[in-house]
Amino acid sequence: MAQLADFLIKTSGQAPGRSTEATVEGDASKEVHGFASLGSAKDDEIVFVRDATHAAALADSAARAVITLPGIDVGARAVLRSLRPAHDFSRLVEEFVPRRRPPPGIEAGAQVDSTATIDPTASIEAGARVGPGCRVGARTVVASNATLVADVEVGQDGWIYSGAVVREDTRIGDRVILQPGVVLGGDGFGYVPDAEGRPVAMAQRGCVVIEDDVEIGANTTVDRATLDVTRVRRGAKIDNQVQIAHNCDIGEEALIVAQTGLSGGTLVGRRAIVMAGVGTTGHLRIGEGAFIGARSGLHHDVPDGARMFGTPATAERSWHRTVAALRRLPELVRRVRRLERRLSASADEQADEQTAEPGGEPASDSFDRNAGSGDASGGDSGRD
Amino acid sequence: MAQLADFLIKTSGQAPGRSTEATVEGDASKEVHGFASLGSAKDDEIVFVRDATHAAALADSAARAVITLPGIDVGARAVLRSLRPAHDFSRLVEEFVPRRRPPPGIEAGAQVDSTATIDPTASIEAGARVGPGCRVGARTVVASNATLVADVEVGQDGWIYSGAVVREDTRIGDRVILQPGVVLGGDGFGYVPDAEGRPVAMAQRGCVVIEDDVEIGANTTVDRATLDVTRVRRGAKIDNQVQIAHNCDIGEEALIVAQTGLSGGTLVGRRAIVMAGVGTTGHLRIGEGAFIGARSGLHHDVPDGARMFGTPATAERSWHRTVAALRRLPELVRRVRRLERRLSASADEQADEQTAEPGGEPASDSFDRNAGSGDASGGDSGRD
Amino acid sequence: MAQLADFLIKTSGQAPGRSTEATVEGDASKEVHGFASLGSAKDDEIVFVRDATHAAALADSAARAVITLPGIDVGARAVLRSLRPAHDFSRLVEEFVPRRRPPPGIEAGAQVDSTATIDPTASIEAGARVGPGCRVGARTVVASNATLVADVEVGQDGWIYSGAVVREDTRIGDRVILQPGVVLGGDGFGYVPDAEGRPVAMAQRGCVVIEDDVEIGANTTVDRATLDVTRVRRGAKIDNQVQIAHNCDIGEEALIVAQTGLSGGTLVGRRAIVMAGVGTTGHLRIGEGAFIGARSGLHHDVPDGARMFGTPATAERSWHRTVAALRRLPELVRRVRRLERRLSASADEQADEQTAEPGGEPASDSFDRNAGSGDASGGDSGRD
């Protein structure tokens with residue numbers, strides 16, 4: 001614990017005891033031997049509590065050391081107080097449990113073209129392919145069975161995991177991580193009819209640019225532009241199995257969650273958040289800081305800061321009202337039928353509505369025939 | 001046929017003629033040279049008929065031998081009667097048309113680290129990579145261009161197909177099949193803001209455990225846990241392009257169909273069935289034996305045995321009623337408008353509702369202006 | 001420009017000046033040094049304008065040469081008039097900016113089985129695997145870390161990109177492109193219960209056939225048939241991350257857009273268009289020339305030429321009406337409540353409906369409690 005506290009205090013630039021950024025309470029001399037989640041922690045492991053809503057679970061945890069916000073009750077545990085417990089916990093993990101790295105150099109069995117330029121501190125594992133004209137920067141890992149096709153540039157401190165494929169002319173910045181199976185630079189899906197109406201591919205001769213600090217999840221695909229650039233800007237984070245079509249532009253520090261598909265030319269603003277399973281029609285713009293709910297289908301531009309949900313996507317409040325109303329739709333049908341009956345009864349009494357309404361349609365209730373309404377008077381209008 | 005009958009009877013542990021598990025009727029001496037579907041079978045091939053609903057197609061099939069349930073009319077064909085025709089047919093296929101296997105041993109061109117342990121009966125093909133500290137069990141195949149990164153354990157009788165990538169510290173049981181392009185152990189998608197609000201990755205140092213008899217489809221991704229274990233339990237079967245996020249726990253013999261995405265910490269109960277294209281919000285539980293309809297979006301826990309459909313998902317009966325009502329929604333709108341007119345007419349007669357209702361809104365019919373209702377009196381309220 | 005015009009005129013089989021297929025206007029001697037999009041073009045680059053809706057952007061473009069339809073105003077620019085500007089532009093790009101190809105032959109570091117047959121003009125790159133019994137045709141590229149497992153046939157002029165995996169017995173025609181990470185021939189997802197109810201895989205011993213001129217996008221998966229053939233017919237184009245299950249049959253020149261999933265046995269007709277993110281239940285047929293809107297969920301056959309949208313999918317007109325009505329559903333709820341109040345008031349006056357309606361349900365308005373209606377009389381019926 002003392003060691004951890006020293007580290008945390010040092011890295012957050014705070015003197016001990018001076019700031020909630022990193023103050024130590026309790027027995028700071030306690031030895032900590034590992035990191036764990038609240039539910040699985042053993043006595044000698046340290047945990048973190050993100051916020052007050054997770055604090056209750058701490059009472060049942062065996063952990064005797066914790067990183068959490070100021071003001072959260074930790075019982076008798078040693079505690080590092082931090083304004084960003086998850087962030088600081090993560091930095092501790094990375095410092096004390098570093099990721100295993102291959103040694104620098106080109107391992108025997110790697111397939112490196114003679115015209116490629118590899119920084120001597122980079123690691124090219126056996127089975128990796130670095131094609132003609134490629135450049136790999138300092139301390140970057142190109143793992144086994146990863147492929148840089150040709151004229152690909154990768155900056156410093158990157159990690160191209162196994163099975164990732166980066167096609168020709170792609171430019172990748174510093175500190176970029178491509179998880180296994182990522183494909184960059186595949187041809188975009190664009191076809192035009194020939195004289196006989198057969199689909200013929202539009203030549204896709206643009207490229208992909210991945211800026212610094214971008215991380216891309218497993219089996220995600222980013223297509224090359226038709227003529228210009230498909231760009232993922234600095235600090236954007238993209239989850240697994242996302243599809244980014246040709247000519248998209250993903251803003252700085254945007255987050256795109258799994259299985260979302262962005263059609264050609266979609267623009268995503270800075271720090272926008274696109275949740276899982278979203279789809280967009282082509283050439284629309286998602287504004288800066290916008291939030292798109294999971295599984296939404298976007299057909300129109302989204303203003304900066306807007307929150308959109310549903311398919312077709314609408315503003316959050318409108319969507320909540322529609323979903324709530326939808327849930328009660330069968331009830332609404334019954335209410336309308338009741339109104340119709342009451343009005344007919346009333347009309348019968350007044351004897352002024354005996355004939356069928358011109359152009360009217362029979363009321364139908366077949367859609368809730370299974371609802372036990374006991375009303376056998378309605379008929380299926382047959383129009384569906 | 002005789003040979004097939006012998007095999008089937010032997011393997012199902014039944015004496016001939018004693019049980020519907022495997023009785024032979026018709027000319028058991030007929031030669032059978034292959035297996036086929038009902039539609040494509042030639043005269044010397046054997047087919048299966050799963051149940052009575054497929055029996056009609058048998059009449060048009062050229063096949064002279066069939067495996068099917070007791071009681072189904074097969075005409076003059078030779079027949080093996082079985083209580084599980086599809087299952088027994090499949091076992092016959094596997095026995096008589098074994099999958100081609102590479103020979104045991106490490107093929108020239110395989111990249112096996114010197115610290116890896118390979119059972120002598122395992123097959124490591126050319127271009128496969130087995131990294132430091134890995135262990136591969138008896139009769140397991142690691143195919144060309146598959147990658148076991150480091151400290152990966154794979155049990156007996158498994159098959160890691162080409163292009164699959166298993167990252168460090170993953171543990172895989174016996175009889176596990178990873179189809180091409182599967183990724184196990186990619187980093188989970190978890191980011192926290194730093195002091196400037198920039199997303200910073202939470203360290204992902206947990207692992208993935210795949211238990212015995214699990215099968216995983218092509219290009220499916222299973223992320224490693226943040227701190228603990230992402231687990232796929234014994235006998236679960238997962239289809240292609242499924243996304244399983246960090247810290248999920250997939251129950252024994254659960255079935256997860258293609259392109260479904262399970263958010264972080266989703267728990268799937270034993271023998272639950274999740275159909276294609278489903279999405280879940282994080283940290284929910286799908287009960288044992290539950291059934292989730294295709295393309296559903298789950299926001300809440302699902303009880304054991306429940307059947308859920310739609311987005312947001314609701315119980316099956318409720319969903320059917322909502323879908324049916326939704327289909328008639330334009331009609332309902334017309335019915336309400338008619339009621340409004342009748343009530344206004346009635347009110348006019350009574351002369352007691354001449355003034356606009358306070359706070360009321362004009363009736364709108366612009367949404368069915370194309371419906372040919374002939375009603376031109378309504379206007380677009382302009383609120384959408 | 002003169003050179004381009006010569007080429008275009010030659011390849012379109014038209015004599016100069018004779019046809020709108022390829023007539024040159026303006027200064028045909030102008031030098032053109034590259035191809036660009038309207039927005040990024042420099043002075044010496046040529047652009048194309050697809051149709052009149054894009055013509056306005058031309059005015060702001062620096063390009064002094066353009067390919068476009070007859071009749072579109074291009075100012076003082078040199079222009080090639082064409083009836084298919086995009087198509088002809090693309091052919092020019094391909095002619096003048098050819099894709100970089102690896103040299104013919106088997107590169108050192110390729111893993112080619114001794115029983116494979118490779119045309120001497122084919123290119124097998126380092127790290128590629130061509131397994132036993134495979135055949136690779138003239139001028140076809142098998143790129144680094146691509147895998148042809150066994151007994152795979154690939155025709156002429158194909159391109160199997162890095163990371164693609166083609167499993168045993170797949171047959172691939174001429175001019176086929178598999179983008180990185182494509183998986184052909186994975187086992188279909190079919191399980192039957194054994195005597196204890198455990199899921200057991202149905203043997204998948206059919207194959208995949210990819211006909212001539214098919215193109216398949218990155219990380220798309222096509223499963224082998226259970227017993228027969230999963231077929232993608234001549235000229236079909238499939239985008240990224242599409243899932244095509246066992247026994248599907250994709251029609252000639254059909255287009256399947258990204259992240260669509262076709263369940264087992266789906267038939268797609270000739271020149272049908274299936275937009276992104278669509279899902280189908282098994283064994284249905286999409287008719288010739290049908291159009292399926294993005295994110296639709298199909299439960300039934302689709303007639304030839306039909307246009308379907310939504311989940312469950314309905315005909316386009318019906319879907320538009322439902323979506324419009326859905327957007328106004330909260331308003332409809334208020335209108336019904338107003339009718340109920342008016343009728344109650346009317347009934348009160350007539351003193352003939354004082355008692356609760358037998359079997360009736362209380363009107364509920366809790367779903368728009370946030371809508372500011374000022375109506376506090378309703379209660380949540382609690383049935384949801």
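Visitor: What makes C:Arg99 and A:Asp187 count as a salt bridge?

Guide: In this predicted model, the closest N and O atoms of C:Arg99 and A:Asp187 are 2.8 Å apart. The rule asks for a side-chain nitrogen of Lys or Arg within 4 Å of a carboxyl oxygen of Asp or Glu, so the pair qualifies. Between chain A and chain C the count is 7 salt bridges, and 34 residue pairs are in polar contact there, both partners being at pLDDT 80 or more.

Visitor: Which elements of chain A supply residues to the side that touches chain C?

Guide: At least two residues each come from β19 (183–186), β20 (191–193), β21 (199–201), β24 (221–223), α4 (316–327) and α5 (329–350) of chain A. The largest share, 14 residues, is that of α5(A). By class, this side of chain A divides into 27 nonpolar, 24 polar and 25 charged residues.

Visitor: How many residues are in contact between chain A and chain C, and what area do the two chains bury?

Guide: On the side of chain A there are 76 residues, in contact with 80 residues of chain C. Between them, chain A and chain C bury about 6200 Å², with 51% of this area on carbon and sulfur atoms.

Visitor: How do you know that chain A and chain C are related as by a three-fold rotation axis?

Guide: Chain A is superposed on chain C by a rotation of 120° with 0.0 Å of shift along its axis, and the RMSD is 0.0 Å. The two copies are therefore related as by a three-fold rotation axis.

Visitor: Why is it said that the copies meet through different surfaces?

Guide: Of the interface residues of chain A, only 20% are also interface residues in chain C, and so the copies meet through different surfaces.

Visitor: What makes B:Arg100 and C:Asp151 a salt bridge at the interface of chain B and chain C?

Guide: Their closest N and O atoms are 2.5 Å apart, and because the cut-off is 4 Å, the pair meets the rule. Across this interface of chain B and chain C, the rule finds 7 salt bridges, together with 34 residue pairs in polar contact. On the side of chain B that touches chain C, the elements giving two or more residues include α3 (85–96), α4 (316–327) and α5 (329–350) of chain B, and α5(B) has the largest share, 13 residues. The contact takes 80 residues from chain B and 76 residues from chain C, and the two chains bury about 6100 Å² between them.

Visitor: Why are β6 and β38 of chain B called edge strands?

Guide: They belong to an open sheet of 12 strands with mixed pairing in chain B, and β6 (105–106) and β38 (314–315) each pair on one side only. For β6(B), the partner β9 (residues 123–124) of chain B runs parallel and is joined by 2 bridges; since pairing requires at least two bridges, these strands count as paired. Within this pair, B:Gly105 stands opposite B:Ser123.

Visitor: What makes the backbone at A:Pro312 and at A:Asp213 worth pointing out?

Guide: Most residues other than glycine have a negative phi, and most peptide bonds are trans. The peptide bond from A:Thr311 to A:Pro312, however, is cis, with omega near -10°, and A:Pro312 is found in the loop between β37 (307–309) and β38 (314–315) of chain A. A:Asp213 is not a glycine, yet has a positive phi of about 65°; this residue lies in the loop between β22 (207–210) and β23 (215–216) of chain A.

Key:
Residues are numbered from 1 along each chain as its sequence is written. Chains are lettered from A and ligands numbered from 1 in the order in which they are written. This is a predicted model: local features need pLDDT of at least 70, side-chain atom pairs count only at pLDDT 80 or more; totals for chains, interfaces and linings use all residues. Side-chain values use heavy atoms; hydrogens and water are left out. Copies are superposed by least squares on the C-alpha atoms of residues with pLDDT of at least 70 in both. Contact means heavy atoms within 4.5 Å. Buried area is the accessible area (1.4 Å probe) that two parts lose on being put together, summed over both. A polar contact is a pair of N or O atoms within 3.5 Å; within protein, one must be able to donate a hydrogen and the other to accept it, and residues adjacent in sequence count only if both atoms are side-chain atoms. Helices (H or I, at least four residues) and strands (E, at least two) are DSSP runs, numbered from the N terminus. Ala, Val, Leu, Ile, Met, Phe, Trp, Tyr, Cys and Pro count as nonpolar, Asp, Glu, Lys and Arg as charged, and the others, Gly among them, as polar.
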